[in-house]
Amino acid sequence: MHTKSYITKKIIYGNPSQVPIKYDNALNIGYGIDNNYVQPMGVSMTSIVINNPKKKIIFHVFIDCIDKNNKEKLKQFAIDNKTIIIIYLIDTKIFNDFS
């Protein structure tokens, strides 16, 4: 594995009062998806939020590209549910070694 960082950009959505982000004592959940899977991921995220009402939740989303509409949906979800969503845009070259 190379030491190069394959994260090309990081986007953070959530309540500004939650920044800086404190990862301790939070439920950290990660997704590796593509732009077509944002809506099904949202269903999963909704279930997690509903079933963990007293937990601080941080969602980590690893994706190669995301359209403006899906960014807006995730931003609004973070605000509405008082959670944090961190989107990591990745360079898919990281997967070249797996083929």
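Strands are DSSP runs of at least two residues, numbered from the N terminus. In the predicted model described here, Tyr-6 is found in the segment that comes before strand 1. With a relative accessibility of 12%, Tyr-6 counts as buried, because the limit for a buried residue is under 20%. Leaving out residues up to four places away in sequence, Tyr-6 touches Leu-89, Ile-90, Asp-91, Lys-93 and Ile-94. The last of these contacts spans much of the numbering: Tyr-6 and Ile-94 are 88 residues apart along the chain, yet their C-alpha atoms are separated by 6.4 Å.

Helix 1 covers residues 38–51. Its 14 residues should span 20 Å at 1.5 Å a residue, and this agrees with the end C-alpha atoms, which are 20 Å apart. The buried residues of helix 1 are Val-38, Met-41, Gly-42, Met-45, Ile-48 and Val-49. Viewed down the helix axis, these buried residues fall within an arc of 125 degrees, so they line one face of helix 1. The face turned away from the buried side carries Gln-39, Val-43, Ile-50 and Asn-51, which are exposed. The cover over the buried residues of helix 1 includes strand 2 (26–32), strand 3, helix 2 and strand 4.

Helix 2 covers residues 68–80. For its 13 residues, a span of 18 Å is expected at 1.5 Å a residue, in agreement with the 18 Å between its end C-alpha atoms. Asn-70, Leu-74, Phe-77 and Ala-78 are buried in this helix. Seen down the axis of helix 2, the buried residues fall within an arc of 100 degrees and therefore line one face. Lys-68 and Asp-80 are exposed on the other side of helix 2. Among the elements that cover the buried residues of helix 2 are strand 1 (7–13), helix 1, strand 3 and strand 4. At the start of helix 2, a side-chain oxygen of Asp-67 reaches to within 3.2 Å of the backbone nitrogen of Asn-69. Just after helix 2, Lys-82 takes a positive phi of about 50 degrees.

Within the buried set of helix 2, Asn-70 has a relative accessible area of 8%. The side chains of Asn-70 and Asn-35 are joined by a polar contact of 2.9 Å. When residues up to four places away in sequence are not counted, Asn-70 touches Asn-35 and Val-38; Val-38 is itself one of the buried residues of helix 1.

The structure holds three aromatic pairs. In one of them, the ring centres of Phe-59 and Phe-77 are 6.3 Å apart and the planes stand at 70 degrees, so the pair is edge-to-face. This pair links distant parts of the chain, with Phe-59 in strand 3 (residues 56–63) and Phe-77 in helix 2, 18 residues apart. Phe-59 counts as buried at 0% relative accessibility, and Phe-77 is buried with a relative accessible area of 13%. In another pair, the ring centres of Phe-62 and Tyr-88 are 4.4 Å apart with their planes at 5 degrees, so this pair is stacked. Because Phe-62 lies in strand 3 and Tyr-88 in strand 4 (residues 84–90), the pair ties together parts that are 26 residues apart in sequence. Phe-62 counts as partly exposed at 32% relative accessibility, whereas Tyr-88 is buried at 9%. Tyr-31, Phe-59 and Phe-77 form one aromatic cluster.

The largest nonpolar core has 21 residues, of which Phe-59, Leu-74, Ile-85 and Ile-87 touch the most other members. Strand 1, strand 2, helix 1, strand 3, helix 2 and strand 4 each give two or more residues to this core. Helix 1 supplies the largest share, five residues. Apart from its neighbours within four places in sequence, Phe-59 is in contact with Ile-29, Tyr-31, Met-45, Ile-48, Val-49, Phe-77, Thr-83, Ile-84, Ile-85 and Ile-86. A second, separate core of six residues includes Ile-58, Ile-84, Ile-86 and Tyr-88. Tyr-88 thus appears both in this second core and in the stacked pair with Phe-62.

Conventions: Residues are numbered from 1 along each chain as its sequence is written. This is a predicted model: local features need pLDDT of at least 70, side-chain atom pairs count only at pLDDT 80 or more; totals for chains, interfaces and linings use all residues. Side-chain values use heavy atoms; hydrogens and water are left out. Rings of Phe, Tyr and Trp (its six-membered ring) pair if their centres lie within 6.5 Å; planes under 30 degrees apart count as stacked, over 60 as edge-to-face and the rest as tilted. Helices (H or I, at least four residues) and strands (E, at least two) are DSSP runs, numbered from the N terminus. Buried means under 20% relative accessible area, exposed over 50%, partly exposed in between (1.4 Å probe, protein chains only). The expected span of a helix is 1.5 Å times one less than its number of residues. The arc is that of the directions from the helix axis to the C-beta atoms. Contact means heavy atoms within 4.5 Å. A polar contact is a pair of N or O atoms within 3.5 Å; within protein, one must be able to donate a hydrogen and the other to accept it, and residues adjacent in sequence count only if both atoms are side-chain atoms. A nonpolar core is a set of buried Ala, Val, Leu, Ile, Met, Phe, Trp, Tyr and Cys residues joined through side-chain atoms within 4.5 Å.
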